[in-house]
Amino acid sequence: MTAADTRAAAPPPGVAEVRAPRAPGGPAPRPASKAGSPRRGRRAGAALPYLLIAPAIVAIAAVFAFPLVKTVVMSFQDMGRRELWTGDSPPWVGFEQFTDILGDAEFWSVTGRTVLFMAVCVLLTMGLGLLIALLMQRLSTWVRLLLTGALVAAWSMPLLVATSIFRWLSDSDYGLINTLIDKLPGVEFLGHNWFLDPWQGFTIIVVLVVWGAIPFVVITLYAALTQVPGELEEAAQLDGASSLGVFRFVTWPVIRPVFQMVATLSVIWDFNVFGQIFLLRGNKPEPEYETLGLYSFSKAFESTSFSQGTAIALVTVLLLAGVAVYYLRQLMKTGEVE
C-alpha cells in the first residue's frame with residue numbers, strides 16, 4: 001500500500017470520521033485487539049534461564065545445605081565422643097573453638113604449608129599445561145588425537161589407582177624411580193625412602209597432583225587457543241613480531257580469561273587436596289604431611305574433637321571464599337564479553 005493510497009483512504013479535510021452507530025443502551029464498540037505485550041514476552045524470556053537451572057539448584061541445596069548448616073552450628077558447640085554416642089545436645093561455647101584455633105601455632109604452620117603446596121602445584125600445572133597446549137597446535141592431526149586420548153585416559157583414572165601407581169613408582173626397594181636413579185654412575189639409590197624427608201615426600205605428592213590436573217588444563221587451554229584468529233597471528237609475523245611477541249600481544253589477550261578461570265579452579269582444588277596425601281601415607285599421614293583438610297580430619301576423628309574439626313573446615317571455607325568470588329566475577333565478565 002503506497003502513501004498515495006493511504007491519503008486516498010483517509011477522510012477529506014473538514015469531514016468527520018463516520019463511525020458505526022451504537023444501539024441504545026448497548027456496549028461501546030471494542031477497540032481492535034493489540035498484539036501481545038513485548039514487555040510480557042521479555043519477562044518470560046528473562047525467567048526461562050532460572051526455571052531451567054532450578055532443578056540443579058534444588059539438588060545442590062539438598063546435598064550441601066544441611067551439611068553446611070550443621071558445620072556452622074557444630075563449630076559453635078563442644079561436641080565430643082559422649083555427645084556423639086548418647087545423642088545429647090552439645091554445650092554451646094560461642095567463639096571458643098575459633099579462638100583456640102587461631103591462637104594455635106600449629107594451625108598457622110599447617111596453613112603456611114598448605115598455601116606453599118597449593119602455589120607450587122598451581123604454578124607447575126598452569127605452566128606445563130600452557131606449554132603442552134601450545135605444542136598441540138604444532139602437532140599433526142593424528143598425533144594430536146593420540147595425545148588427547150592419553151590425556152583423557154589419565155584424567156579419567158580413579159584416584160585410588162593413580163595413587164597406587166605412584167606408591168609403586170616411589171617404593172624404596174622396587175620403585176621405578178629409585179631403579180632408574182641407581183643406574184646413574186656413582187649413585188646408589190636403592191632402598192631410599194622418599195617420605196622420610198617431608199620435602200622429598202611432598203615432591204612425589206606434587207608430581208601426582210600435577211599429573212592428575214594437567215589433562216583438564218591442557219584440553220581447556222587448547223580449546224581457547226583454537227579461538228585465536230589465525231590472520232592476526234600471520235599479520236603480526238609479517239610485521240616482524242617474534243614468536244614471543246605474537247603470543248604476548250595476540251594470543252595471550254584472547255586466552256587470558258580462560259587461563260584466569262582455570263587457574264582459579266586449580267587454586268581451589270589444590271588447596272583442598274586430601275586423597276592423594278591420605279592414600280600415599282597409608283591412610284595415616286604424619287603431622288609433617290598435614291594440610292588444612294587433613295588437619296581438620298585429624299582433629300575431628302583422631303582427637304575426637306568434632307567441633308574443632310568443623311571449625312577448621314569452616315575457616316578453610318572462609319579462606320577460599322575470596323577465591324570463589326573472584327572466579328564468579330571472571331565467569332560473569334566472560335559472559336558479558338560473549
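Helices here are DSSP runs of H or I with at least four residues, numbered from the N terminus. By that count, N283 falls in the loop between α12 (275–280) and α13 (292–302). The model described here is a predicted one.

The overall plan comes first. The protein chain contains 14 helices and zero strands. Read from the N terminus on, its elements run α-α-α-α-α-α-α-α-α-α-α-α-α-α. The chain has 338 residues, and 32% of them count as buried.

One helix towards the start of the numbering is α2, which covers residues 38–75 and holds I57. I57 also belongs to a nonpolar surface patch of about 670 Å². The other residues that make this patch are L48, Y50, L51, L52 and I53.

The next feature is an open space in the protein. The largest pocket has a volume of about 300 Å³. Several helices contribute to its lining: α6 (141–156), α7 (159–169), α9 (198–225) and α11 (243–271) each give two or more residues. The largest share, six residues, comes from α9. In total, 15 residues line the largest pocket, and W155, V209, G212, A213 and Q276 are the ones that lie nearest its centre. By type, the lining is made up of 12 nonpolar residues, two polar residues and one charged residue.

From the pocket, the path leads back to the loop between α12 and α13. N283, in that loop, has a phi near 65°, which is a positive value in a residue other than glycine. Most residues other than glycine have a negative phi. N283 counts as partly exposed because its relative accessibility is 44%, and partly exposed covers the range between the 20% limit for buried and the 50% limit for exposed.

After this loop comes α13. Its buried residues are L292, L294, Y295, S296, S298, K299 and A300. Two of these, L294 and S298, also help to line the largest cavity, together with P285, E290, F297 and E302. About 40 Å³ of space lies in this cavity, and the count of cavities of 30 Å³ or more comes to one. The cavity lining divides into three nonpolar residues, one polar residue and two charged residues. Beyond the end of α13 stands T304, where phi is again positive, near 50°.

The last helix to visit is α14, which spans residues 306–337 and includes Y326. S307 lies in α14 as well. How do these two residues compare in their exposure to the surroundings, buried or partly exposed? S307 is buried, because its relative accessible area is 0%. Y326 has a relative accessible area of 36%, so this residue is partly exposed.

Both residues can also be placed against other parts of the chain. S307 and G80 are 227 residues apart in sequence, yet their C-alpha atoms are 7.5 Å apart in space. For Y326, the partner is Q260, which is 66 residues away along the chain, and the C-alpha atoms of the two are separated by 9.7 Å.

Notes. Residues are numbered from 1 along each chain as its sequence is written. This is a predicted model: local features need pLDDT of at least 70, side-chain atom pairs count only at pLDDT 80 or more; totals for chains, interfaces and linings use all residues. Side-chain values use heavy atoms; hydrogens and water are left out. On a 1 Å grid over the protein atoms alone, a cavity is a set of points where a 1.4 Å probe fits but cannot get out, and a pocket is an open set with protein on both sides within 12 Å along at least five of seven lines; lining residues have an atom within 4 Å of a point. Grid points are joined across faces, edges and corners, and a volume is the space filled by probe spheres set on the points. Ala, Val, Leu, Ile, Met, Phe, Trp, Tyr, Cys and Pro count as nonpolar, Asp, Glu, Lys and Arg as charged, and the others, Gly among them, as polar. Patches are made of residues with over 30% relative accessible area and no salt bridge: like charges are joined within 9 Å, nonpolar side chains (Val, Leu, Ile, Met, Phe, Trp, Tyr) within 5 Å. Accessible areas come from the Shrake-Rupley method with a 1.4 Å probe; for residues, only the protein chains shown count as cover. A salt bridge is a side-chain nitrogen of Lys or Arg within 4 Å of a carboxyl oxygen of Asp or Glu. Buried means under 20% relative accessible area, exposed over 50%, partly exposed in between (1.4 Å probe, protein chains only).
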